[in-house]
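Trainee: I would like a close look at one part of this model, its empty space, and at whatever can be linked to that part along the chain. Please take your time and keep it connected.

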Amino acid sequence: PRPGDPSWWFAEALAAERTVPAPPLSGRIAVDTVIVGGGYTGLWTALALKRQAPAMTIALIEAAQCGAGASGKNGGKVSGYWSSLAGMVKTIGPDGALAVARAGGKAQDAVHAFATAQGRDVWWREGGSVSISASPAQDADLAAPVEVARALGVADTVQALTPAAVARICNSPVFRGGVFFPEGATIQPARLARALRQAVMEAGVTIYEQTAMTGLDKASPNRVRTANGEIIARDVVLATNAALARDSFVAPHVSVFSSYALMTEAAPDRLETLGWRQDVGATDSRMFIHYFRKTPDGRVLMGTGSGPISFNGDPDAPQLRGDVASAERAARGLRRLLPAFAGVPIARSWGGPIEVSADRLPFFRTMPGTRVHLACGYSGHGVNPSYIGGQCLASLVLGRQDEWTALPFCTRELPRLPPEPFRYYGGRAV
């Protein structure tokens, strides 16, 4: 498969709409807050601000169309952090890990409420998520989530699965044991982004699409520059995902990898062959996982997080979006993990950058000495956490100390990565 834009998700979502792009910015405007980035984080932030400060004037600018980036390219698996508990205990301690996982639970409830509201069809399917061993080398990774959850008194958040239990979910010849997390759902990710866009506009936020930020003057007030205009604002929210890796404040803490995915043509009979009837999102247990799920019309998405790394965090490096070898790795993963789909045509393949933080957790911060706030480091896990990001950023804009800004996402000391070129070659070696 040859990857390209847009993703299958984004093409499907736009085809289902009867809307036109928002116009680009032209001229000079002044608002209370400007949000840069029209993906999940920027859109959730706008909604949170309008809910808490209805009189606030907000403009949101997006370089392309809302949802065209990572928010419309991901696997559409929605879950919090219970599956990451073991790793988080090592990096932020048991109390911090539990606080993050419980915040993920609140986010899951909020995304569910939004996604299932009357008049919205974002393909929400609630079936949990499963991590599967697909080789003997992966078997050892299955014990830690169960052991750590039991030790922390939250044993109900994970369930060990025997090979027979895994086969009842999806009967692949290479699947072995697994672990099941009840908190999990699947969605059409681009439809969720587009529904958020509509809700933001209905809330009174002005959106400008095809409007990239060309410069930011941090002052009092701030000035966001674009090709054909500028926005003067007291507060700026930077929600541009991997593009933030260029920023000197962010750069020491993230590297930019890439993830590639494919969507098959519809083949519901092959799903029956596998006995795959549950709406469960799945991963294998590799370091750079394969992630996969089915769609309501019988397609399968297969993705892999093992795409190329960019030098010096360049989010525009061509190999992040057009690497044929990475697209083929996703196709090989499909053939190996779900052999019943080996002969099913691939409808579309795509790739994109993901910014990976040093401890694999996102961070939400105000740049020192400014009123510029940012979200970064989702590390390939952003559908659920971007809701948390929106709440944290809204609280930072409003100057509130609350349950969101008390989370380790906002308070922990950020670990640093080695400088270039060691970061690039180290990442390639991994």
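Mentor: Happy to. A pocket here is an open set of grid points, on a 1 Å grid over the protein atoms alone, with protein on both sides within 12 Å along at least five of seven lines. Its volume is the space filled by probe spheres set on those points. Please keep in mind that this is a predicted model.

Let us start with the second largest pocket, which holds about 350 Å³ of space. Its lining has 16 residues, and the ones closest to the centre are Glu17, Arg191, Arg194, Ala195 and Gln198. Two elements, helix 1 (8-16) and helix 6 (189-202), each give two or more residues to this lining. Helix 6 provides the largest share, with seven residues. Sorted by class, the lining of this pocket has eight charged, five nonpolar and three polar residues.

Just before helix 1, there is a backbone detail to look at. Pro6 sits in the segment that precedes helix 1, and the peptide bond leading into Pro6 from Asp5 is cis, with omega near -5 degrees. Most peptide bonds are trans, and most residues other than glycine have a negative phi.

Now for closed space. Rolling a probe the size of a water molecule over the atoms shows where empty space is left. The structure holds one cavity of 30 Å³ or more, and about 40 Å³ of space lies in the largest cavity. Ser79, Gly80, Tyr81, Trp82, Ser83, Ser129, Phe181 and Glu183 form the lining of that cavity. By class, this lining comes to four polar, three nonpolar and one charged residues.

Two of those lining residues, Ser129 and Phe181, lead us into a group of strands. Phe181 belongs to strand 6, which spans residues 178-181. In a regular strand the side chains alternate between the two faces of the sheet. Strand 6 is covered on both faces: Gly178 and Phe180 are buried on one side, and Val179 and Phe181 are buried on the other. The neighbours of strand 6 are worth tracing too. Strand 4, residues 129-132, runs antiparallel to strand 6 and is joined to it by four bridges. Within strand 6, Gly178 stands opposite Ile132. Strand 5, residues 159-161, also pairs with strand 6 in the antiparallel sense, over three bridges. There, Gln159 has Phe180 of strand 6 as its bridge partner.

From here, let us look at backbone geometry elsewhere. Another cis peptide bond joins Glu420 and Pro421, with omega about 10 degrees. Pro421 is placed in the loop between helix 11 and helix 12 (422-429). Turning to phi, Asn241 is not a glycine, yet its phi is positive, at about 60 degrees. Asn241 lies in the loop between strand 11 (229-238) and strand 12 (254-264), and it is partly exposed, with a relative accessible area of 22%. Asn312, also not a glycine, has a positive phi of about 60 degrees as well. Its place is in the loop between strand 15 (300-307) and helix 8 (319-322). At 54% relative accessibility, Asn312 counts as exposed.

The cysteines deserve a word. A disulfide is a covalent bond between the sulfur atoms of two cysteines. The structure holds zero disulfides, and the distances show why for two of the cysteines. A pair of sulfur atoms has to be within 2.5 Å to count. The sulfur of Cys392 is 3.6 Å from the closest cysteine sulfur, that of Cys410, so this pair is too far apart for a bond. For Cys376 the closest cysteine sulfur is also in Cys410, at 14 Å, and therefore too far for a bond. Cys392 counts as buried at 0% relative accessibility, and Cys376 is buried at 0% too.

One last stop is the loop between helix 10 (385-398) and helix 11 (408-411), where Asp402 is found. Asp402 is partly exposed, with a relative accessible area of 24%. Its C-alpha atom and that of Leu262 are separated by 40 Å, for two residues 140 apart along the chain.

Note on methods:
Residues are numbered from 1 along each chain as its sequence is written. This is a predicted model: local features need pLDDT of at least 70, side-chain atom pairs count only at pLDDT 80 or more; totals for chains, interfaces and linings use all residues. Side-chain values use heavy atoms; hydrogens and water are left out. On a 1 Å grid over the protein atoms alone, a cavity is a set of points where a 1.4 Å probe fits but cannot get out, and a pocket is an open set with protein on both sides within 12 Å along at least five of seven lines; lining residues have an atom within 4 Å of a point. Ala, Val, Leu, Ile, Met, Phe, Trp, Tyr, Cys and Pro count as nonpolar, Asp, Glu, Lys and Arg as charged, and the others, Gly among them, as polar. Buried means under 20% relative accessible area, exposed over 50%, partly exposed in between (1.4 Å probe, protein chains only). Two strands pair if DSSP finds at least two bridges between them.
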